[in-house]
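Biologist: Hello! Could you walk me through this structure, please?

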Amino acid sequence: MLQNKLLFNQSSVSLEINGLPDYSNNENQDNISIISQWKLMIIDKPVIEGNLDHLRSIMKAFYSYSITILNDENASYNSQLIDIKPENCYTHILLLKSSKPNVKPLNIRIGNSVFADIINCFDQLGFSNKVKNIYSKEFKSLTNQKHSFLKYKKNISEFLLPPVVSLFSIFLFSTAFIYIYDNNENRSLLNYRNKLVSIQSINKLL
Amino acid sequence: MRNSFNNNNIKLSEFNALIKLTAEMAKFLYPYIRQILQSRDDFIRNPKPWNEFKNRYIELISERFNTNSMKVKRLLDPSCNDEVFIKIILTLALCISEDGFLNLSSTLLNY
């Protein structure tokens, strides 16, 4: 059976995905749902290849590392398969550990331009309609964290808190003034009534 | 930081619109953005694009920002502004995907 092959290119990086469509779901013949092999080809660097689990862990490593770089956190990622750490602000060191025994780890140094190309290749793969079953649950939670942070920031800090505080303070001040005003008014009414009674009594006396 | 007397706060919808516009522009300008990044990676052999970008950026900052502010002075200081400029250009390079504007806005809100 012939396998389908898809290529995602971005300048100096090319990602090749080989696999088969899931015929039990009546999928299109051009789609890939069962990934058998993938290859990440970077110009002037050795080819990186593996199975679906390797692809997921490498994608997760690159995305996590890119988020830590952008958020000014301590940028380094360590896992069983791949380590990424910065050498300086424009060079990154990848340490790829093979799952096969007696194979030495592969050390690759890439610049920011190649790093951006790799991330963009993975983005193309993630948004492609032809390839399915790429995102693992862990990776989904990683992207959701960013979105939930955005919602939290919008809803609570920007919309809810300031109006609630202002309404509460207005309510406090206004109730205090109403109470004082009522007391004064009652007193003035009583005084007025007393005056009237006294005038009436004077009239009677006269 | 801006060299302006208007103190108008930007609305959330305007902020989101600007972010989307920036992300869309980054998609079209990606070859140039990549060229600048590559020039910084390989500065000894190809320093021209990086130097041109940096000079123009510094020119724009000194035109439109309050140069008396300490933050702006630090941005203009050639000994420590490379890291900030690399981060700015890398952020643009990483936001060219379909939901790239979300990455860009979360990065800016986190700043």
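Biologist: Which residues are exposed on the other side of helix 1 of chain B, away from the buried ones?

Modeller: Happy to help, and please keep in mind that this is a predicted model. In helix 1 of chain B, B:Ile19, B:Ala23 and B:Ala26 are buried. They span an arc of only 60 degrees around the axis, so they sit on the same side of helix 1 of chain B. Exposed on the other side are B:Ser13, B:Glu14, B:Leu21 and B:Phe28.

Biologist: Thanks! What do the buried residues of helix 1 of chain B pack against?

Modeller: Helix 1 of chain B runs over residues 12-28. Its buried residues, B:Ile19, B:Ala23 and B:Ala26, have as packing partners in chain B helix 2, helix 5 and helix 6.

Biologist: And B:Met25: how does it count by its C-beta neighbours?

Modeller: B:Met25 is placed in helix 1 of chain B. To be buried, a residue needs 20 or more other C-beta atoms within 10 Å, and to be exposed, 12 or fewer. B:Met25 has 13 such neighbours, so it counts as partly exposed.

Biologist: Now the contact with chain A: which helix gives the most to the side of chain B that touches chain A?

Modeller: In that contact, 21 residues of chain B meet 21 residues of chain A. The elements of chain B that supply two or more residues are helix 2 (30-41), helix 5 (82-93) and helix 6 (100-110). With 6 residues, the one giving the most is helix 6 of chain B.

Notes: Residues are numbered from 1 along each chain as its sequence is written. Chains are lettered from A and ligands numbered from 1 in the order in which they are written. This is a predicted model: local features need pLDDT of at least 70, side-chain atom pairs count only at pLDDT 80 or more; totals for chains, interfaces and linings use all residues. Two residues are in contact if their C-beta atoms, placed from the backbone, lie within 7 Å. Helices (H or I, at least four residues) and strands (E, at least two) are DSSP runs, numbered from the N terminus. The expected span of a helix is 1.5 Å times one less than its number of residues. The arc is that of the directions from the helix axis to the C-beta atoms.
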